[in-house]
Each structure stands twice: as C-alpha cells, then as structure tokens.
Amino acid sequence: MHRNIQRLSEQLNSIIIGKEPQVKLAVVCLIAGGHLLIEDLPGVGKTTLSHALAMSLGLKFTRVQFTSDLLPADITGISVFNRERQQFEFHPGPVFSQVLLADEINRATPKSQSALLEAMEEGQISADGVSHRLPLPFFVIATQNPSHQLGTHPLPESQLDRFLMRISLGYPDREAERALLKGDDRRTLMNTMGTAMSLDAFLTLQQQTGRIFVSDKLVDYILTLAAATRHSGLFAEGMSPRASLALVQAARAWALTEGRDHVLPEDVQAVFIPVVAHRLRVANTSQGRTETSATLLRKILQETAV
C-alpha cells in the first residue's frame, strides 16, 4: 500500500518538477476523498497537475473551462423532449465523470459556480425532480486565478467550504525551471505515462484512511486549535465543526501516506493550513490587518501547546 503511494507520488513529481510538498498534499486530499482547489497565477502548472492526478489513477476525466457565459446546465446536463417517446430525457453533462477539472472556476458567475454544490456534497445531480447519482469515486479539482485579476468572481463561502484543501504551487525554483526548459513538454510526457495505481488499490487506500486511529488527546488538540480560531479575534468567524471534521479526515490520510496506522500532532500540523485557511476570513479591525489567513493560522499553530 505504501509502495503504491510512492509510485503515484514519483510519477506526479516527474511531471510537476520541484513541487513535492504540494504534490503530496494533492495526493493526500484525494486519498481522503476530498475535493481540491488549486489557486495560483496562470502558467505555473495548476491544470497540468490536475490532469496528471486523474491520468495516474486511471479515472474517467472531464475538463470544463469556466467562462463568464457558462450556464449551470452546461455542467450538470439538460432535459430534452423526445418526440417519439413523448417525454423528457435527461442528457448528462460533463460532471458525470470520476474527476471533473473545473478550470479557472472563478471566471464563471456565482450561479454557474453553485451548480457544483450538490455534486460535491451529495455525489448527485437533481434535474426536474429526479436525482442522478454520479460515478464513484467522484472528485472536483478546481483551479482558481488570484482574485485581483480581471474577470474573476470570488467563490462564496459555501462553495469554498466544499473543498477539503486549497493549495498553491508558486513559481518553480531556478533549477526546477531549468529542467522544465531543457526537458520534454509536460503534455507530451503525460501522454506517455501509464496508471500508477489501480482503481481497486485506490479504493482500498480510501477505506484504510477511515481506520487510522485518532486518540482522545489528539482530538483535544484539534478542539484547542478550533477554539483558538473562534476566540482569538483574528477571524470574522472561526472553524466550523465541518472544518474540524475535515482536519481529522486529512490528518488520517497524511498519516497513511507516512506509513502509520495512527495520527500524530505533526500530521495535523502538516495539513492544518491547506485545510483551514480558505474557510476563514480575516477580521476587520480599526487598525486594519495585512496578514493573510494562512499567516495568522501559522501563528496559532506556534502558540498552541501540543
């Protein structure tokens, strides 16, 4: 099982050079059964990582380019009247796949963004009073451009809360970028790579995640972190119980990738900011704040006793 995780990570790191921590977080997110949000500047490898994750797991993959004129039905599907049968028939949209890449999700309007809410939370789509189940497993990997760029619409809190993690790739270092410039095109490399893990092995990993032991003392540590976000005055609202559950879920998956059957405080600390930062909004004060939620959460980690 650990070897399967290593093989998957090695294959992804051969495509996304110099971003081992971010690649590991992306793998942990999918093993935990969560949806992944990748936020960064255009051209740093967000879409490439998303595509490589789907291909490495051998999952059915669909990409939707989110634009300002995208309609909800363009994602979920539409009912069309069949004259021969004299009834409406549902034609599934691109969301009916195992991995949906929502590329530049914040370039669509809030109405189109919200078309994914039911799919991400319930694993189904409702149309004309009928529920249609999505394939298993089902993941949304969304890429998002920085909010200061033209033509973007901020994701509402309810949408952000559906993503287990948010990660950022950032610029590669000099040596990694040198390897990119001298090597083969990433898309060419992806077309030659095979499946790093079978679907059965991946589903087994997901099942094992739920069996990773979490002690009472570790639960108390997570509760203390949650309380710090709620009562510190740093955030408009603190961690919700859903966020605390997500933290436990991600920490279990991280421990599994480390080859352990129990969660340590270090596992919680490793996933704390990717799981929590996008769910919290920095509080407005009379003095004003320039820190990001990630910076403030890092302070909470440092000040909270284990």
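**Exercise 1.** How many salt bridges does the count come to in this structure?

*Solution.* The model is a predicted one, and the general idea is that side chains of opposite charge can pair when their charged atoms come close. Counting a side-chain nitrogen of Lys or Arg within 4 Å of a carboxyl oxygen of Asp or Glu, one arrives at 13 salt bridges.

**Exercise 2.** Describe the salt bridge between E121 and R242, and state which parts of the chain this pair links.

*Solution.* Begin with the distance, which is 3.2 Å from N to O. Next, locate the partners: E121 belongs to helix α6 (residues 117–122) and R242 to helix α12 (residues 241–257), so that distant parts of the chain, 121 residues apart, are linked. Finally, consider accessibility: E121, at 39% relative accessibility, counts as partly exposed, and R242 is partly exposed with a relative accessible area of 35%.

**Exercise 3.** Decide whether R279 and D161 are buried or exposed, after finding where they lie.

*Solution.* The side chains of R279 and D161 form a salt bridge at 2.6 Å, N to O. R279 sits in the loop between α13 (265–276) and α14 (293–303), while D161 sits in the loop between α7 (157–160) and β9 (163–167), 118 residues apart. Since buried means under 20% relative accessible area, the last step is to classify them, and both R279 and D161 are buried.

**Exercise 4.** Which residues are joined into one network by salt bridges that share partners?

*Solution.* Through shared partners, E121, D161, R162, R242 and R279 are joined into one network.

Methods. Residues numbered from 1 in each chain as written. Predicted model: local features only at pLDDT ≥ 70, side-chain atom pairs only at ≥ 80, totals over all residues. Heavy atoms only, no water. Helix = DSSP H or I, 4+ residues; strand = E, 2+ residues; numbered from the N terminus. Buried < 20%, exposed > 50% of the residue type's maximum accessible area, 1.4 Å probe, protein only.
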